[in-house]
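Q: Please take a close look at one part of this protein, the pairing around a single strand, and then place that part in the model as a whole.

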Amino acid sequence: ADGRAVADMTDPDQAKACRGTGLRGRAAPRLAAILIAAAAGLAAVTPAAAQTPEAEQESVAQRPRLDYESYGLSLDPVDRGARTTGSSPVYAFTRMEVETGHDSNVRRASSGETASVFTVARPGVSLHVDGEKHQTSLTGQAAFGRYGSSSGDAYDDAQLNLRSRIEVDEDATLALNAGVGRFHIDRGSDLDLGPAYGTQTYRSYEFGAQFETLALENKPIVGTMQSTWYRFDDVDGVDRSGLDRWIGIGNARIGFARAGEVSFFVQPGVQRVDYSRNDAGNPDSTRLDLSVGATYSGGAVSQVSGFAGVSRRSYSQSGTAAEFSALVGAKALWNATDLMTVTGDLSISNEDPTLSSASSVTTSEIGFGVDYEPRDNVIVGTKLRWTDYRYSGDVEDERLLKAGVDVRYLLNEYAYLGAGLRWEDQSSNDAANEFQATIASLRFGLKLCCLRDFVTEDREGRVVRQGVVNGLFR
C-alpha cells in the first residue's frame, strides 16, 4: 500500500502513503518538538546567555570558540567604512556549505535498492538589526540536492524566517517569528508515496509568539503560540490536497515552586488540527494537555528538565471516540569533563497520523548522544535514536533506529571541514515497509559567521564582550 495507483488520498487501503507532516520526521510533529523548535528559532536573534542555560552554553557543541568564529559584514549606514560587524547595529552573516557522499538506499526501498552518490549545496544569509531594546533578524537559506544515479530525487528547498525579540521591561520579553518555506519530503517518511514516485514537495507558512516574564520571584512564566499551514503539491498525477491542514499550538509553562536548584512548573497546552478537506478521511481534532514537571540546573556542569501528564484528543466528526494518552518529555545534558558532553532525551505523546484508517498514533522516542573535543578545533559527535510508532486502527506499527557519527574540523575562522556516517534501520509488522540505509559524506564550508560584540551596562559602566550567535543556519 504505497500509493502507486491512487489518484487521490481517500482510499484507506493506501493510506500508508499519507501519514505525518513531512517536517523532517515520520509522524505528525509532536507538541513538545514544535515548541522546542519554535523556542530555538525565537532565541536565535538573542545573545546566547539571554536564552540558553549555563550548562548548554558550556557544552562541547555550543561553547564559543572565538579563534574559529568570524565577524559578519557591517551594513551600518552611518559608519560605511566598517569592515566587520563588531558592535554595529546593522550587520549580516553568511554561510556556504557543500556536502557530497554516497547513499546506499536513496528511496528507502525494502528491496531493489538504488545506491547513488549525491551532492548538496547549502547557501545562507542572515540580516540583523539590533536596537537598545530589540533584536531582529531575517534569515534566508536553501538546500539544492542532486543524485548521480537517481535524477528523479533532485530537490530544491528554500526557506525565509523573520524573528524579533523585544524587551518589554526589565522582567518581560516578547519573541516573534514568521516563516515561509518549500521543502521536499524525506524518503522513507510516512508521507513518501514510495519508490515509484519522484521528488515530493510541500509548502509551509508559520507564525509564532513567545512571552516570558520573571515578575514573580523564582516563578518564571512562559507562554508560546505557534500557527502553521501546510500545503502539499501534487506529484505524478496524485492529488495530495487531502493532506493540506492547519496546526495550532498553545502552551504555557508556569513556575510555582523552587527548592534549591530545582524549579517546579505546571504545563497546560492545546493542539488543534484542521484539514482543508475532510472527505479524504482525515478528521479534525483537538488535543488538550496537562502535565507537571521540574527543571534542575547544575550550573555549568549539568541540566535536567522533564514533565509527565495526560492528553485527551477529541474529534470534530461524529463516530470517533475521544482518546486519552500519557504525555511525557525529558531532556538531560551533562558536561562529564571539559572535553565531553553527554545528552539524552525521552518523549511519549499521542499525535494526529493524517491517516484515514487510524485515528491517532502513539509516538515513543528515546535519544542519546556524546560530543567529544580532542582538540580545540575538532569536534566528534555520536548519536543514537530509536522511535516507535503504534497506530490506533488497522495499520501496521513501525520502529525506526538511527545511529551516526560526525566529525567537524575547524580550519580557521572562515572555513571548516566535516565528515559523517549514518545508518538507518526500519522494522515493521509489514515487510514492505522495512528498509536499511547507510549514508557516508564529506562537507566543506565557508562562512562569515557568527561572532558578535555584545554591549552591556554594569556598575563599572559600559562593557563589551565577544560572543557567538547560535542557531542561524540548519
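A: Gly248 has Arg272 as its bridge partner in strand 11. That bridge belongs to the pairing of strand 10 with strand 11 (residues 262-275), which is antiparallel and extends over twelve bridges. Two residues lie between strand 10 and strand 11, and the two strands form a hairpin. In the turn of this hairpin, Gly260 has a positive phi of about 65 degrees.

Strand 10 also pairs with strand 9. Strand 9 (residues 221-232) and strand 10 (residues 245-259) run antiparallel and are joined by ten bridges. Here Gly248 appears again, as the bridge partner in strand 10 of Ser227. Gly248 is thus bridged to Ser227 and to Arg272 of strand 11. As a general point, side chains in a regular strand alternate between the two faces of the sheet.

As for the whole, the model is predicted. The protein contains 22 strands and three helices. Of its 474 residues, 46% are buried. Among contacts between residues at least 6 apart in sequence, 57% join residues at least 24 apart. The exposed area of the protein is about 21,600 Å², with carbon and sulfur atoms supplying 57% of it.

Confidence is the remaining matter. The mean pLDDT is 85, and 84% of the residues reach 70 or more. Over residues 1-50, however, pLDDT stays under 50, although the model has 155 contacts beyond four places in sequence for them. Where pLDDT is low, predicted coordinates should not be read in detail.

Technical notes: Residues are numbered from 1 along each chain as its sequence is written. This is a predicted model: local features need pLDDT of at least 70, side-chain atom pairs count only at pLDDT 80 or more; totals for chains, interfaces and linings use all residues. Side-chain values use heavy atoms; hydrogens and water are left out. Helices (H or I, at least four residues) and strands (E, at least two) are DSSP runs, numbered from the N terminus. Buried means under 20% relative accessible area, exposed over 50%, partly exposed in between (1.4 Å probe, protein chains only). Contact means heavy atoms within 4.5 Å. Accessible areas come from the Shrake-Rupley method with a 1.4 Å probe; for residues, only the protein chains shown count as cover. pLDDT is the predictor's confidence in each residue, from 0 to 100. Two strands pair if DSSP finds at least two bridges between them.
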